Amino acid sequence: MPGPAGGGVAGVVIGLDIGGTKTRGVRFEDGIPAADESVGSSNVQNVSREEAARHLAELFARIGGGAVSRVYAGAGGIDTEDDAAALAALIAPHAPGARITVVHDSRLLLAAGGASTGVAVIGGTGSAAWGRNSLGEEARAGGWGYLLGDEGSGYWLGREAVRHSLRRMNQGLEPDELTTALLDSCGVDEPNKLIALFHSPATGRRYWAERARLVVDAAAAGHSASRELVDHAGRDLAGLAEQTVRQLGIDGPVILGGGLGMNVPRLQDSFRAALAAAGISDVRVLDREPVFGVLQLVAEQG
């Protein structure tokens, strides 16, 4: 009889990609996707443990738990063994007896790009780079969270749109295209009201990351300040990649993923140009969702 698909991974494997905005889960049966669902974020750096647990329960109700042999989860903010153990404890009730592995989500991205060595860069709600060389050495750059970093991320672009609008207000200038779009999206009628809204408990990292699309759309329409912001984001992400490449002593590949990374051509162009200027030419944009890297990681795990 033929063996299972997906690199010889037999049985039921649940792959989870837990981002700042959503949680995507895929149920693989003998390496073949049998269910694929998304719910709200289960990342406890972005939502409460109660909300994370609720979203995981909803997800497993959709994709099925029960006789699962392995769960492999990638999530942002997994910086220590305690971080991984805390998330594994939330997953465990839905897959009793399963082997649960929790890693930083950039590992999923590298595997989904078909590489076992190289550097993965996430440009999504947050930003980070992670890589591994042929000696098994690992390195990371960024991934410090929105209060300490996340340059080039969706949150960064949303915040910079607010700062752009406030600077124009302070200079006595009328709202431009980006500011007008931002005010409409936020439901306020003047830039000054963005200050209180930004600091309000009613908004947060996800809320402002979602405003990144306003910058991307304005850039596509020719707004010069928005174009510069998108280009700046690409250069910042390239900086994370270059730092990680140098630490590992490799030439690449560098694989760009995340919602912004995979879907904004201008940012991709800026990213590639900055890395080319640094002598790094093997640069790829991920063409499938990171969760599909789970089977390779499970096969490597043995």
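How many nonpolar, polar and charged residues are in the lining of the second largest pocket? By class, that lining has 5 nonpolar, 6 polar and 2 charged residues. The model is predicted. This report covers its two largest pockets, beginning with the second.

**The second largest pocket**

This pocket has a volume of about 210 Å³. Its lining consists of 13 residues. Nearest its centre lie Y146, T203, G204, R205 and R206. Two elements, α7 (193-199) and α8, each give two or more residues to this lining. The most comes from α8, with 4 residues.

**The largest pocket**

The volume here is about 920 Å³. The lining is made up of 42 residues. Five of them lie nearest the centre: G20, G124, T125, G258 and G259. Several elements give two or more residues to the lining of the largest pocket. The strands are β1 (12-18), β2 (22-29) and β7 (127-132). The helices are α8 (205-210), α9 (212-220) and α11 (258-263). The largest share, 5 residues, comes from α11. By class, the lining of the largest pocket divides into 13 nonpolar, 19 polar and 10 charged residues.

**Side by side**

| Pocket | Volume | Lining | Top element |
|---|---|---|---|
| Largest pocket | about 920 Å³ | 42 residues | α11, 5 residues |
| Second largest pocket | about 210 Å³ | 13 residues | α8, 4 residues |

One element links the two linings. Helix α8 gives two or more residues to the largest pocket, and α8 also gives two or more to the second largest.

Note on methods:
Residues are numbered from 1 along each chain as its sequence is written. This is a predicted model: local features need pLDDT of at least 70, side-chain atom pairs count only at pLDDT 80 or more; totals for chains, interfaces and linings use all residues. Side-chain values use heavy atoms; hydrogens and water are left out. On a 1 Å grid over the protein atoms alone, a cavity is a set of points where a 1.4 Å probe fits but cannot get out, and a pocket is an open set with protein on both sides within 12 Å along at least five of seven lines; lining residues have an atom within 4 Å of a point. Grid points are joined across faces, edges and corners, and a volume is the space filled by probe spheres set on the points. Ala, Val, Leu, Ile, Met, Phe, Trp, Tyr, Cys and Pro count as nonpolar, Asp, Glu, Lys and Arg as charged, and the others, Gly among them, as polar.
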